[in-house]
Amino acid sequence: MNLLEECVLYLKQYPVYEKLMEQFRKKYVSLGHIGGTAVILSVSKEEIDQLEGFLGAIKPASDGSFKITAGRFEKALKNSRFGDISLKELLLAFFGEDIKTKREQQELFQENWSSFFETILSETDCPEMRSWLEDTLEKKRNGYQLLYRKYIEDKEELKKVLFNISQAANHFPVKRHTKMRLPVFAAKITGNPHYFDETEFAGKLWMTFLSCGTKIEDELSAAERNWHCLYRVGILKDDLWNYVLTYGICGIKEDGKPHSGLEGFRKEKEPIHMSLFMLGNLETAYGREKTIYVVENPSVFSALIDYFPENISVVCTNGQLHLAAFVLLDLLKENGFEFLYAGDFDPEGLGIADRLKERYEEAFHLWLYEEKYYEKAVSSVKLEKNRLSQLGNLSTPQLIHFSEYIKQSQKAGYQERLIEDYIQSIRERKKQSHEF
């Protein structure tokens, strides 16, 4: 037995030295060098005797603890028969392992972290995954914390999830000009239809990956933002619950044939809720005439289709812009149709109109957004300051100008009061096109 082993054996006879060595180890890890003061609480008379047998007389602090500096211990060590042993050597031998400082631990972690992701990047054959992962790691973007926590928790599971996301991205249905429901797609890629569920880690990272670089409408809920990201790559989720109310809208399926269900509703002069499921099967959509009337409220929608049952196409957003509404309007715009939009004259209504104008540009036109119509539609509903402040976010010049009427009166206007004006406007338009 060498001198170092003998010293360790001597100290380990007394539990109080276990406490002392543990304190010195923590200080070394924290400080990066031997130093600091070890504080030992709840020391018995016997343990005091054991400490004094090596360190000499010691006195408790005012709180009853005993404080021993690393310097004092090293001095006692030097004056003993173990004088050739340093405290650092003693700590390493006492715990039987290499003790790394916090800085060394951080450097090692960073080295292992970099090596792990370099391997992932070199093994993936998916350019989308490579681009997203490099950007996320470099800029610590959204998703970085998910990667970090899973890396700490289970590196192998993280590697497996990243591989599966790469495989999923390589097989996006949109790349084959088709669509697929999420559970079916997940089962095809991983064997588990619930693998990409939002409650699972894989699902959370998957949605973060999909949302990267995707412009999403601000007014969409979190669920619809996810639907939007999935739909963009040809994947459908909860597609029966996401719909838009329409009248006089038909479509052509991907096989080039008319959608017989939509044709039937138009023939029967009945409105229909077009679901994301239905829209996902359409190649294009069309209306009865070049102009599609888009309204915010169902009561206005009903009045228009009651008055013009034969020759009008109307879309109702029902006060919200669901993904289904965007998908339908996108199909209509791509097919050369234009929109005449009417909504409530309040901050939220103008905000919806502004975002639609930004999205559909020259194909989108505001309908009866004039002072005389505001005065007719204005109500007694007083707008609070926090709602009025939303008007400062508008970007469409016509809406910015129109919002001044609302700011001055601080009252909302509702389109239900303009139903007769909408009908008269349509009548005049149809006379000009010789439909009446």
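Strand S1, residues 37-40, shows two different sides in this predicted model: Ala38 and Ile40 sit on the covered face, while Thr37 and Val39 sit on the uncovered one. That fits the usual pattern, in which side chains of a regular strand alternate between the two faces of the sheet. Further along the chain come a mixed sheet of 6 strands and a nonpolar core of 72 residues.

**The S1-S2 pair**
- S1 teams up with strand S2 (residues 66-69) through 4 bridges, and the pairing is antiparallel.
- If you want one concrete link to look at, Ile40 has Phe66 in S2 as its bridge partner.

**The six-stranded sheet**
- Reading across this open sheet, the strand order is S7-S5-S10-S9-S11-S12, and the pairing is mixed.
- S7 (272-275) and S12 (364-366) are the edge strands; each has a single partner strand, so one side of each has no neighbour in the sheet.
- On average, neighbouring strands here are turned by 30 degrees against each other, ignoring direction.
- At the S12 end, strand S11 (residues 338-342) pairs with S12 in the parallel sense over 3 bridges.
- Within that pairing, Tyr341 has Leu366 of S12 as its bridge partner.
- Helix H15 (residues 298-307) lies across three strands, namely S5 (243-247), S9 (291-295) and S10 (314-316). Its direction makes an angle of about 165 degrees with S10.

**Nonpolar cores**
- The largest nonpolar core has 72 residues, and Met274, Leu304 and Trp367 are the ones touching the most other members.
- Helix H16 (residues 323-334) supplies the largest share of this core, with 9 residues.
- Zooming in on Trp367 and skipping neighbours within four places in sequence, its contacts include Tyr293, Val295, Leu304, Leu340, Tyr341 and Ala342. Tyr422, Ser425 and Ile426 are also in contact with Trp367.
- There is a second, separate core as well, with 39 residues, among them Leu147, Met207, Leu210 and Leu230.
- Seeing nonpolar side chains buried together is a general tendency in soluble globular proteins.

**A buried threonine**
- Thr246 belongs to strand S5.
- Its relative accessible area is 0%, so Thr246 counts as buried, the cut-off being under 20%.
- Again skipping neighbours within four places in sequence, Thr246 is in contact with Pro271, Ile272, Met274, Phe301, Val314, Val315 and Leu328.

**Two lysines with positive phi**
- Lys140 is not a glycine, yet has a positive phi of about 50 degrees.
- You'll find Lys140 in the loop between helix H7 (127-139) and helix H8 (144-153). With 55% relative accessibility, Lys140 is exposed.
- Lys269, also not a glycine, has a positive phi of about 60 degrees.
- The loop that holds Lys269 runs between helix H13 (260-267) and S7. Lys269 has a relative accessible area of 35%, which makes it partly exposed.

**Helix packing: H9 against H11**
- Helix H9 (residues 155-170) packs on helix H11 (residues 201-211) at an angle of about 45 degrees, and the axes are 10 Å apart.
- That angle is why H9 and H11 count as oblique to each other.
- The crossing of H9 past H11 is right-handed.
- On the H9 side, the residues involved are Leu158, Val161, Leu162, Ile165, Ala168 and Ala169. They meet Phe201, Ala202, Leu205, Trp206 and Phe209 of H11.

Technical notes. Residues are numbered from 1 along each chain as its sequence is written. This is a predicted model: local features need pLDDT of at least 70, side-chain atom pairs count only at pLDDT 80 or more; totals for chains, interfaces and linings use all residues. Side-chain values use heavy atoms; hydrogens and water are left out. Buried means under 20% relative accessible area, exposed over 50%, partly exposed in between (1.4 Å probe, protein chains only). Two strands pair if DSSP finds at least two bridges between them. Axes are lines fitted to C-alpha atoms, for helices over the stretch in contact, and angles run from 0 to 180 degrees between N-to-C directions. Contact means heavy atoms within 4.5 Å. A nonpolar core is a set of buried Ala, Val, Leu, Ile, Met, Phe, Trp, Tyr and Cys residues joined through side-chain atoms within 4.5 Å. Angles under 35 degrees count as roughly parallel, over 145 as roughly antiparallel, 65 to 115 as roughly perpendicular and the rest as oblique. A crossing is left-handed if the near helix is turned anticlockwise from the far one by less than a right angle, and right-handed if clockwise.
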